[in-house]
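User: I am new to this structure and would like to know what stands behind the terms used for it. Please set each value against its definition.

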Amino acid sequence: MYSKKTKTQKMKIKTILTITFLSVQVIIFGQTATDALTIELETLVKNNSIQGFGVAIYSKDSVLYKNGFGYANVEHKTPYTSQTVQKIASISKLLLGTSLMKAQEMELFNLDDDVNDYLPFKLRNPEFPNQMITIRHLATHTSGLNKLPEYDLKSLYFPTPIAKITNELPFGLRKTVLNKLSKKINKNQDIPLNIFLENLYDPKGIWYSKSHFEKYRPGEKEVYSNAGASLLALIVEKASNISYSKFIQKYILTELNMNDSGFDFNMNTYQKDKKSSLYHAGIEVPNDYKLILYPAGGFETNVDDFSIFMQHMASGYNINNNNNGISILKKSSFDEMLKVQINPDFNHGILWEVYPSSTVGHEGDIVGVLTYAYYNKQLDRGYVLFCNTSTTKTIYKDTDAIMETLKSYYGKLAL
């Protein structure tokens, strides 16, 4: 005969079963949420215009999800993974902002110093020749420098020329127009960063023009400038006595073990099978091109590495978190870097986009590249999205769908 169980024994068994059931449910939920997210993203890549992309979701404590979808190379059916390396365009500026805060901590300069204390040529707005331009002005896009899309294109150097397009392109793009643009870009020369910038902003420079400057005093207006941001790398070099790329390597990449990351000219010997092909306007373009304005957009990395960087930034952005004993910046530097500067109506911290009610981060867009990296402090969640595709009819609709899907799983993924 089975022995009778007491009421206490029954309660204990019920409690154990409940705990076991809940534990199993948590495990299943975690697995199911991860699997469900993967399935949703696999569906999206099958039905959108993006050839390949990588994603991550992270909190201040850990990376909760990372994966790759579609192809790094369509012709060879090479899968895009979280280890696939590609350019990240203007998200490169997040490293530049971090380097400025590090240099200020090292007392190499102060953000409110005159840029002419460090630049190899004199920088003044001819409309306001007696008005000082500070490092902070450059770092917040409020220096009075104009946006120069023509020179953004001129800063693209293709050692492997862009091939001529022979087929008509989709959604109204004309091959003749793109072939004309490609022919112009293929004529670009590889010029050192300091010479390129001197040609733009020194009155003796071959491209100098008063139109390169806004009719606003420094600090009065936000005008996004890749060339202006790149000037900051020259300041870091002058103040530290080492190249900007070595400064980034020493104080950020090595500290965070970002071993598959670097600027495009440092990555030209990186394993070709680990680098993504790039697709622009429906065609494959050479992925070995170089940005002369590399501090503003020439960083190459993968989701694995960059999610570590963003998770570390999120950790430093939160109070009473010591990054497991490792921090590349002081808490005060994170606070300054990630708050709105100059004017409460502006949306820039120190090279970071800052939207106080929602997110901090940046996006990037260049030939064959569309990227996003953002963090929401209130939700303690952020995401990374790297795409190897640009300029398609539905590209922004497609990336929006991916980002909304990632955000819909913020509360579903277990810590």
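User: What makes an empty space in this structure a cavity, and how many of 30 Å³ or more are there?

Analyst: The structure holds 1 cavity of 30 Å³ or more. On a 1 Å grid over the protein atoms alone, a cavity is a set of points where a 1.4 Å probe fits but cannot get out, whereas a pocket is an open set with protein on both sides within 12 Å along at least five of seven lines; lining residues have an atom within 4 Å of a point. The space in the largest cavity is about 30 Å³, where a volume is the space filled by probe spheres set on the points, joined across faces, edges and corners. This is a predicted model, in which local features need pLDDT of at least 70 and side-chain atom pairs count only at pLDDT 80 or more, while totals for chains, interfaces and linings use all residues. Residues are numbered from 1 along each chain as its sequence is written, and side-chain values use heavy atoms, with hydrogens and water left out.

User: Which residues line the largest cavity?

Analyst: The lining consists of Val85, Gln86, Lys87, Lys275, Ser276, Leu278, Asn287 and Glu300. By class it has 2 nonpolar, 3 polar and 3 charged residues; Ala, Val, Leu, Ile, Met, Phe, Trp, Tyr, Cys and Pro count as nonpolar, Asp, Glu, Lys and Arg as charged, and the others, Gly among them, as polar.

User: What is known of the largest pocket and its lining?

Analyst: The largest pocket holds about 560 Å³ of space. It is lined by 26 residues, and the closest to its centre are Ser90, Asp152, Asn226, Asp365 and Ile366. Strand E12 gives the most to this lining, with 5 residues. The lining of the largest pocket has 11 nonpolar, 10 polar and 5 charged residues.

User: Where is the centre of the second largest pocket, in terms of residues?

Analyst: The second largest pocket has about 320 Å³ of space. Among its 18 lining residues, Asn268, Lys275, Asn287, Asp288 and Tyr289 are the closest to the centre. The classes here are 7 nonpolar, 3 polar and 8 charged.

User: Why is H7 called largely enclosed?

Analyst: Buried means under 20% relative accessible area, exposed over 50%, and partly exposed in between (1.4 Å probe, protein chains only). In H7, 13 of the 15 residues are buried, so the helix is largely enclosed by the rest of the structure. Helices (H or I, at least four residues) and strands (E, at least two) are DSSP runs, numbered from the N terminus.

User: How do you know that the length of H7 fits a helix?

Analyst: The expected span is 1.5 Å times one less than the number of residues. H7 covers residues 226-240 and reaches 22 Å from its first C-alpha to its last, close to the expected 21 Å. At its N-terminal end, serine 225 is the cap, with a side-chain oxygen 2.8 Å from the backbone nitrogen of glycine 228. After H7 comes asparagine 241, with a positive phi near 65°.

User: Is lysine 77 buried or exposed, and what about leucine 351?

Analyst: Lysine 77 has 51% relative accessibility and therefore counts as exposed. Leucine 351 has 0%, so leucine 351 counts as buried.

User: What makes the phi of these two residues worth a remark?

Analyst: Most residues other than glycine have a negative phi. Lysine 77 has a positive phi near 55° and sits in the loop between strand E2 and strand E3. Leucine 351 has a positive phi of about 70°, in the loop between helix H11 and strand E11.

Key: Polar contact = N/O pair within 3.5 Å; in protein donor to acceptor, adjacent residues only side chain to side chain.
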